[in-house]
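Visitor: I should like to learn how to read the features of a protein model. May we take one example and go through it step by step?

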Amino acid sequence: MLSGDVLQRFHVKRPLAKGGMGELWLADDEQHHDVVLKTVRDDLKDDDEVRRCFRREIAVTASVTHEHIVHHVAHGQVAGVEVLALEHITGASLAELLDRSALPLGAALCVAEDVARALAYLHSLKDVDGAALEVVHGDISPQNVVIDRFGQALLIDFGGATWRGADVTPGMLVGKPGYISPEQARGEPVDRRSDQFALGVVLWEMLVGRALFSNEDVRRDLPVPPLSQFVPVPYVIEAAVVRLLAHDREARFTSTEEAADVFAGAAWAHGVDDSRLWLAERAWQIAAELEALPAPVITSTSARTLR
Ligand SMILES: Nc1ncnc2c1ncn2[C@@H]1O[C@H](COP(=O)(O)OP(=O)(O)OP(=O)(O)O)[C@@H](O)[C@H]1O
Ligand SMILES: [Mg+2]
């Protein structure tokens with residue numbers, strides 16, 4: 001672990017968010033690079049279970065590198081408090097996008113592909129002996145996906161992560177009630193297919209524009225209404241969502257990469273460039289509203305056009 005000195009170079013600018021477990025601040029360094037500082041919420045700092053989740057989050061975040069996963073910057077202790085520094089993703093969470101509207105099909109497929117690629121990478125990690133680590137994110141939800149200003153989706157928040165041999169309390173419920181798989185809800189061990197189920201719930205919500213399950217209820221016995229009842233979707237996507245949301249995990253995808261490939265194929269048919277642009281503009285607009293960012297600079301050419 002890095003010493004707390006490494007963190008002294010950051011200056012807190014303002015609070016960013018308070019989640020179920022963490023408290024986050026926006027900070028910058030001497031070169032004015034923005035970072036996010038995350039700690040366990042003050043009211044939970046004496047909860048051993050939460051502190052163990054945060055330690056697992058630090059361990060995973062510090063050991064992974066992927067274009068669709070938030071980058072680790074540093075971690076350490078400051079005055080006895082564990083702190084994780086992450087790159088600041090300028091944009092908006094998928095939850096903030098969904099607060100405004102459903103996503104167009106192409107945009108939803110791009111986000112689903114990005115999240116599936118990040119998950120496929122996590123799910124396929126191996127230890128030094130080449131044995132599968134069986135990493136599971138455990139908390140896939142719209143709050144834990146951030147859309148950046150280029151319209152790319154990045155996975156954040158590894159507080160629910162587990163892997164083979166991790167220090168996890170058996171039967172402990174991680175993840176948000178509205179997104180967890182039936183096996184997670186039953187307190188059974190999770191695996192990569194539990195992340196696939198949560199991704200299916202998120203994709204359903206992106207397309208329909210409302211949550212599939214209530215966040216107060218972990219029951220999964222009600223039938224899932226077919227997507228095509230709400231929005232026109234290609235058959236391959238409807239079939240992929242049915243597979244992701246299968247109660248029996250054996251019926252889900254063998255590899256998460258396979259699901260990513262299905263989304264990618266359908267996304268191409270809907271114009272990836274336009275979809276990325278839609279996502280970038282929407283994320284930027286929300287970030288600007290939330291952070292009162294300065295308006296984009298008008299170049300002399302566009303100023304002429306405006307006159
Ligand atoms: N690196 C980042 N860049 C930009 N925004 C971020 C970043 N990390 C977190 N956020 C924002 O802060 C919110 C809360 O962060 P995070 O999910 O890490 O907290 P948490 O307490 O672990 O959440 P949960 O309620 O899911 O347990 C996110 O939903 C996102 O909007
Ligand atoms: Mg979160």
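Guide: What follows is a conversation about domains, sheets, helices and single residues. Please keep in mind that this is a predicted model.

Visitor: Let us begin with the overall division. Which domains does the assignment give?

Guide: The domain assignment gives domain 1, residues 5-87, and domain 2, residues 91-269. Their centres, taken over C-alpha atoms, are separated by 24 Å.

Visitor: How many residues of each domain are in contact with the other?

Guide: In domain 1, 15 residues are in contact with 18 residues of domain 2. Helix α1, residues 48-63, gives the most to the domain 1 side, with eight residues. By class, that side has seven nonpolar, four polar and four charged residues.

Visitor: I see strands as well. How should a sheet be read?

Guide: Strands of a sheet pair through backbone hydrogen bonds, either parallel or antiparallel. Here, five strands form an open sheet in the order β1-β2-β3-β5-β4, with antiparallel pairing.

Visitor: Which strands are the edge strands of this sheet?

Guide: The edges are β1 (11-18) and β4 (72-78), each of which pairs on one side only. Neighbouring strands of the sheet are turned by 25 degrees against each other on average, direction ignored. Helix α1 packs on this sheet and touches β3, β4 and β5; the direction of α1 makes about 35 degrees with that of β5.

Visitor: How are the individual pairings described?

Guide: One names the two strands, counts their bridges and then looks for residues that stand opposite each other. Strand β2 (residues 22-28) pairs with β3 in the antiparallel sense over seven bridges. Glu23 has Thr39 in β3 as its bridge partner, and Leu26 has Val36 in β3. On to the next pair: β3 and strand β5 (residues 81-87) run antiparallel and are joined by four bridges. There, Leu37 stands opposite Ala85 in β5.

Visitor: Why is β3 described as largely enclosed by the rest of the structure?

Guide: Strand β3 spans residues 34-40, and five of its seven residues are buried, so β3 is largely enclosed by the rest of the structure.

Visitor: What joins β2 to β3?

Guide: The two strands form a hairpin with five residues between them. His32 lies in this loop between β2 and β3.

Visitor: What is the phi of His32?

Guide: As a general idea, most residues other than glycine have a negative phi. The phi of His32 is near 65 degrees, a positive value in a residue other than glycine. Asp157 also has a positive phi, of about 65 degrees, although Asp157 is not a glycine. The place of Asp157 is in the loop between β8 and α4 (182-185).

Visitor: Are these two residues buried or exposed?

Guide: One counts the C-beta atoms around the residue. His32 has 7 C-beta neighbours inside 10 Å and therefore counts as exposed. Asp157 has 26 such neighbours inside 10 Å and therefore counts as buried. Arg52, in helix α1, has 16 C-beta neighbours inside 10 Å, so Arg52 counts as partly exposed.

Visitor: May we turn to the other sheet? In what order do its three strands stand?

Guide: The order is β6-β7-β8, in an open sheet with antiparallel pairing. The edge strands are β6 and β8 (153-155), each pairing on one side only. On average, neighbouring strands of this sheet are turned by 30 degrees against each other, direction ignored. Three bridges join β6 to β7, and Ser93 stands opposite Val146 in β7. Helix α3 packs on the sheet, touching β7 and β8, and its direction makes about 35 degrees with that of β8.

Visitor: Where does helix α8 lie with respect to β6 and β7?

Guide: Helix α8 lies across β6 and β7 and runs at about 90 degrees to β6. Its buried residues are Ser275, Leu279, Arg282, Ala283 and Trp284. The buried residues of α8 pack against several elements, among them β6 (91-93), α2 (94-100) and α7 (256-268).

Visitor: How does one check the span of such a helix?

Guide: One compares the expected span with the separation of the end C-alpha atoms. Helix α8 has 20 residues, 272-291; at 1.5 Å a residue they should span 28 Å, and the end C-alpha atoms are 28 Å apart, which agrees.

Methods: Residues are numbered from 1 along each chain as its sequence is written. Chains are lettered from A and ligands numbered from 1 in the order in which they are written. This is a predicted model: local features need pLDDT of at least 70, side-chain atom pairs count only at pLDDT 80 or more; totals for chains, interfaces and linings use all residues. The expected span of a helix is 1.5 Å times one less than its number of residues. A residue is buried if 20 or more other C-beta atoms lie within 10 Å of its own, exposed if 12 or fewer, and partly exposed in between; C-beta atoms are placed from the backbone. Two residues are in contact if their C-beta atoms, placed from the backbone, lie within 7 Å. Domain bounds come from an automatic or database domain assignment. Ala, Val, Leu, Ile, Met, Phe, Trp, Tyr, Cys and Pro count as nonpolar, Asp, Glu, Lys and Arg as charged, and the others, Gly among them, as polar. Two strands pair if DSSP finds at least two bridges between them. Axes are lines fitted to C-alpha atoms, for helices over the stretch in contact, and angles run from 0 to 180 degrees between N-to-C directions.
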